[in-house]
Amino acid sequence: MRTKDMRRSVAAIAALAMAGACTAQGIEVHGDQRRPVRVDGSATPNGTPKQDAGDGVGGGDQATGGSGSEGSGNDDKGAPDKAPTTAPPSPTPTPAPPAPVLWSQGDEGLDVRELQARLRQVAWLFAGPTGTYDDLTVQAVKGFQGKRGLPRTGKTDSVTWARLLNMTREPGKWELYAYGGQPAASPDPRCMTGRVLCISKTSRTLRWMVDGRTLTTVEVRFGSEYTPTREGVFSVYFKSRDHWSTLYDTPMPYAMFFSGGQAVHYSSDFAARGYYGASHGCVNVRDKAAIARLFDQVRNGDKVVVYW
């Protein structure tokens, strides 16, 4: 009888705990000894804690950022779950417009000279500058662009130009005109009468003038600071078509001497190196065809004016 009463008491306590969904103390019997047993009415049969029906109302689980527990779309009135929404596809990014082109093949001018001079500084161009955007310039720009992961168009756009500016310094005047092409300075007043080789050190040009009119203009090079070309008014006193310098053991074709051993003559070194070199005091001409014509026109006794 006592055992039967105990079993009834345990059953009653378990039923009360399940109905109230709370934690209660039960009695586990092993022989004549009893000890408390935890009865958790909040657990499901598989051991997973239940969710409060209110978690699904008004948004997801705040702790996890989720959408709440199963069935959380139902409110107290039993409304159906909301249909799952699909996020709209991300818009395809609009490609950036190409950088504007500043200069391309066929362009001419001082800006092109600066581009070429800067390409020389980073060893992508070895000729010029010429002031004309030619095939060599196109290839140099392509090489520079490809080395830096830019589109190899051969055209100088704003991005290419900015990268080149960042890697180089502003070229000096004689880097821009390293192989000639510079504008001639105004003639000295002493050049305005008679037959004159009018030679400007400022613009590094020689004008062949007759009675104030310029017939020919060529680029010239002078001596270094150690062997400077003399300035003043002179006259041609000796001409030698195939002259050879015994002092420097070098050819001086189409030489027209005007002051001691200084002469106007053709220089293959000037033609090859431009203003990156210097003479020993003579006035070098780089255009061989032009000085050959000039040699035939100039006479002994014609005036030579060398000025700044």
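Which hand does the disulfide of Cys191 and Cys198 have, right or left? Let's start there, and keep in mind that what we're looking at is a predicted model. The torsion about the S-S bond of Cys191 and Cys198 is about 85 degrees, so this disulfide is right-handed. The two sulfur atoms sit 2.2 Å apart, and both cysteines are buried. If you go hunting for others, a search of the whole structure finds one disulfide, and that's this one, Cys191 with Cys198. As a quick reminder, a disulfide is a covalent bond between the sulfur atoms of two cysteines. While we're on cysteines, have a look at Cys282 too: it counts as buried because its relative accessible area is 10%, under the 20% cut-off.

Okay, on to my favourite bit, strand E11, residues 262–266. Five of its five residues are buried, so E11 is largely enclosed by the rest of the structure. In a regular strand the side chains alternate between the two faces of the sheet. Here, Gln262, Val264 and Tyr266 point one way, while Ala263 and His265 point the other, and all of them are buried.

So who are the neighbours of E11? On one hand there's strand E10, residues 250–259, which pairs with E11 in the antiparallel sense over three bridges. If you want a landmark, find Phe257 and look for its bridge partner in E11, Ala263. E10 and E11 make a hairpin with two residues between them, and Gly260 in that turn has a positive phi of about 60 degrees.

Then there's strand E12, residues 283–285, and this pairing with E11 is parallel, again with three bridges. The landmark here is Tyr266, whose bridge partner in E12 is Val285. To get from E11 to E12 the chain goes through helix H6, residues 268–273, and that β-α-β crossover is right-handed.

Now, the pocket. The largest one has a volume of about 460 Å³. It's lined by 25 residues, and the closest to its centre are Tyr248, Thr250, Met252, His265 and His280. You've met His265 already, as one of the buried residues of E11. Which element gives the most to the lining of the largest pocket? That's E10, with five residues. Strand E9 (238–245), E10, E11 and H6 each supply at least two. By class, the lining comes out as ten nonpolar, 13 polar and two charged residues.

Last stop, some backbone oddities. Most residues other than glycine have a negative phi, and most peptide bonds are trans. With that in mind, look at Asp249, in the loop between E9 and E10. Its phi is near 50 degrees, a positive value in a residue other than glycine, and Asp249 is exposed, at 57% relative accessible area. Arg204 also has a positive phi, about 55 degrees, although it isn't a glycine. You'll find Arg204 in the loop between strand E5 (195–200) and strand E6 (205–210).

And for the peptide bonds: the one from Gly128 to Pro129 is cis, with omega near 5 degrees. Pro129 is in the loop between H2 and helix H3 (135–147). On the other side of H2, Asp107 is in the loop that runs between strand E3 (101–103) and H2 (110–121). At 27% relative accessibility, Asp107 counts as partly exposed. Asp107 and Gly131 are 24 residues apart in sequence, and their C-alpha atoms are 8.3 Å apart in space.

Note on methods. Residues numbered from 1 in each chain as written. Predicted model: local features only at pLDDT ≥ 70, side-chain atom pairs only at ≥ 80, totals over all residues. Heavy atoms only, no water. Disulfide = S-S within 2.5 Å. Buried < 20%, exposed > 50% of the residue type's maximum accessible area, 1.4 Å probe, protein only. Helix = DSSP H or I, 4+ residues; strand = E, 2+ residues; numbered from the N terminus. Pairing = 2+ DSSP bridges. Right-handed = clockwise from strand over helix to strand, strands pointing away. 1 Å grid on protein atoms, 1.4 Å probe; cavity = no way out; pocket = protein on both sides within 12 Å on 5 of 7 lines; lining within 4 Å. Points joined across faces, edges and corners; volume = space filled by probe spheres on them. Nonpolar A, V, L, I, M, F, W, Y, C, P; charged D, E, K, R; others polar.
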